[in-house]
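Hi,

Here is the structure I promised to send over. Have a look at it first, and then read on for what I found.

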Amino acid sequence: MDRPVLQVALDLVELKRAVEIAGEALEGGVDWLEVGTPLIKSEGMNAVREIKKAYGVKTLADMKTIDTGSVEVEMAAKSGADVIIILGLSDDSTIQEAIRAARKYGAEVMADLINVPDPVERAKELEELGVDYINVHVGIDQQMKGMDPLDVLSKVVEAVSIPVAAAGGLDAEKAASCVALGARIVIVGSNIVKSRNVTESARRVREAIDEAWKEGRKVEMRRRSLEEETREILLKVSTPNISDAMHRARAMRDIYPIVRGKKVVGKAVTVSTMDGDWAKTVEAIDVAGKGDVIVIKCSGDTAAVWGELATRSCINKGIEGVIIDGAVRDVDDIRELGYPVFAKREVPNAGEPKGFGEINVKIECGGIEVKPGDWIVADDNGVMVIPKERAYEIARRALEVKKHEERIRGEIEDKGRTLAEIVELYKWEKVQ
Ligand SMILES: O=C([C@H](O)CO)[C@H](O)[C@H](O)COP(=O)(O)O
């Protein structure tokens, strides 16, 4: 049996970069080149032509066809595609038409199971209809919600006898697990094409899948909880990454780090209190646990609701940091302790502990709504709030932003290019 195929999905929008990245990926041991859907949408069939012409290796066109199977397969095959990817969700007649056209032009058809309600049953039907490959695929937006192709892969592999591909957020480790579960083709997009060193990233996947194939490795399916994964990812990304991932959302207004160079990641314990009334803010330290962030909204900022002793108590409890839409004092001590406190104002005077206000209610801090349990990420750029319902998704999207920037940073530093050149800025300006 041949070793598993490594296919790179060129999910970019600039053709020149895609051609260059394809070359780097081939050097790292990639076998097949997939012209990704975003590239096809931005550059049309010319992208298929150029990629095929540049390298001559097996080229796939990810058309994601849902209708007019014959027309779309014909245009991709005539442009040089050896395999055309169509949607398994399509009507059977579309699949049959696609297969007829593929046979006529000497191409093959891969059916993508993205969004198919019963992947195992549909895979059997697609095999019966005559497709050449099945692709167990979790789309990029679905990955952001925590879906994983590994969840259903082995069942599909057992159900059909044609080669099964796996795609959707694969890195070297997951790609190896896919091979161990019976995938014959491993499709990797962002973890190769967005990395700073494409050749090296491709090589890592190549080695991992070859090793899994040789060893007939058993897969360990332990998955961390979404909360564990969310924290781990948020520790890797910056607040600018998060803002971009949230469609350029704003950080809290007028809240600044008292101690620079610190990063805070954790779930909010909220406090609503009056200007200078430090009773609830200090009580919140007993409510909060390890890994939480205390977020305080004061009615004013003329007297401090926070200081050195409260800070020391937080350190004892493993609380990640404190965000105050109000005033803080003892800032010299807090700086010495190196504890991340973010606040609106620094003052020497404290207020009185009167006990007005509440803990763990919805507040507005720095002009942004914060609910108990929302995720807070703060660094020198500012304080971002991530609604708890979308925390994992936004963390994953922020990681994609970071990866994308890493690749661009590499092109600026290593190849001496400018940002405008790399992202073809003028071409993407809005048409008036
Ligand atoms: O098909 C894909 C997606 O729908 C965008 O067009 C990707 O090529 C596929 O998911 C592989 O990319 P990664 O998930 O980034 O590895």
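Below is what I found, going from the whole chain down to single elements.

Before anything else, please keep in mind that this is a predicted model.

**The whole chain**

The C-alpha trace spans about 85 × 45 × 40 Å along its principal axes. There are 18 helices and 18 strands in the chain. Of its 432 residues, 47% are buried. As for contacts with a separation of 6 or more, 71% of them come from residues 24 or more positions apart.

The domain assignment gives domain 1 as 5–223 and domain 2 as 231–392. Their C-alpha centres are 45 Å apart.

**The barrel**

Which strands close into a barrel, and in what order? There are eight of them, running β1-β2-β3-β4-β5-β6-β7-β8, and the pairing is parallel. On average, neighbouring strands of this sheet are turned by 25° against each other, ignoring direction.

To pick out one pairing, β2 (residues 32–35) and β3 (residues 59–65) run parallel and are joined by three bridges. If you want a spot to zoom in on, Val 35 has Ala 61 in β3 as its bridge partner.

Two helices are worth a look here. Helix α3 (residues 45–55) lies across β1 (5–10), β2 and β3, and runs at about 160° to β2. Helix α11 (residues 198–215) lies across β1 and β8 (185–188), and its angle to β1 is about 150°.

**Strand β10 and its partners**

Next, go to strand β10, residues 264–273. Why call it largely enclosed by the rest of the structure? Ten of its ten residues are buried, so the rest of the structure largely encloses β10.

Here is how β10 pairs with other strands:

- With β17 (residues 375–379), β10 pairs in the antiparallel sense over four bridges. Lys 267 has Trp 375 in β17 as its bridge partner.
- With β14 (residues 358–359), the sense is again antiparallel, over two bridges. Here Val 271 is partnered by Ile 359 of β14.
- With β11 (residues 292–298), β10 pairs in the parallel sense over seven bridges. Thr 270 has Val 295 in β11 as its bridge partner.

How does the chain get from β10 to β11? It crosses through helix α14 (residues 279–287), and this β-α-β crossover is right-handed.

**Helix α17**

Last stop: helix α17, residues 391–415. With 25 residues, α17 reaches 36 Å from its first C-alpha to its last, close to the 36 Å expected at 1.5 Å a residue.

Which residues of α17 are buried? They are Ala 391, Tyr 392, Ile 394, Ala 395, Arg 396, Arg 397, Ala 398 and Leu 399. Notice that Arg 396 and Arg 397 are on that list. What do the buried residues of α17 pack against? Their partners are the helices α7 (140–143), α12 (226–236) and α13 (239–245), plus the strands β17 and β18 (382–386). β17 also pairs with β10, as described above, so you can step straight from one site to the other on screen.

Just after α17 comes Gly 416, which takes a positive phi of about 70°.

That's the tour. Shout if anything looks odd on your side.

Cheers

Notes
Residues are numbered from 1 along each chain as its sequence is written. This is a predicted model: local features need pLDDT of at least 70, side-chain atom pairs count only at pLDDT 80 or more; totals for chains, interfaces and linings use all residues. A residue is buried if 20 or more other C-beta atoms lie within 10 Å of its own, exposed if 12 or fewer, and partly exposed in between; C-beta atoms are placed from the backbone. Two strands pair if DSSP finds at least two bridges between them. A crossover is right-handed if, with the strands pointing away from the viewer, the path from the first strand over the helix to the second runs clockwise. Axes are lines fitted to C-alpha atoms, for helices over the stretch in contact, and angles run from 0 to 180 degrees between N-to-C directions. Two residues are in contact if their C-beta atoms, placed from the backbone, lie within 7 Å. The expected span of a helix is 1.5 Å times one less than its number of residues. Domain bounds come from an automatic or database domain assignment.
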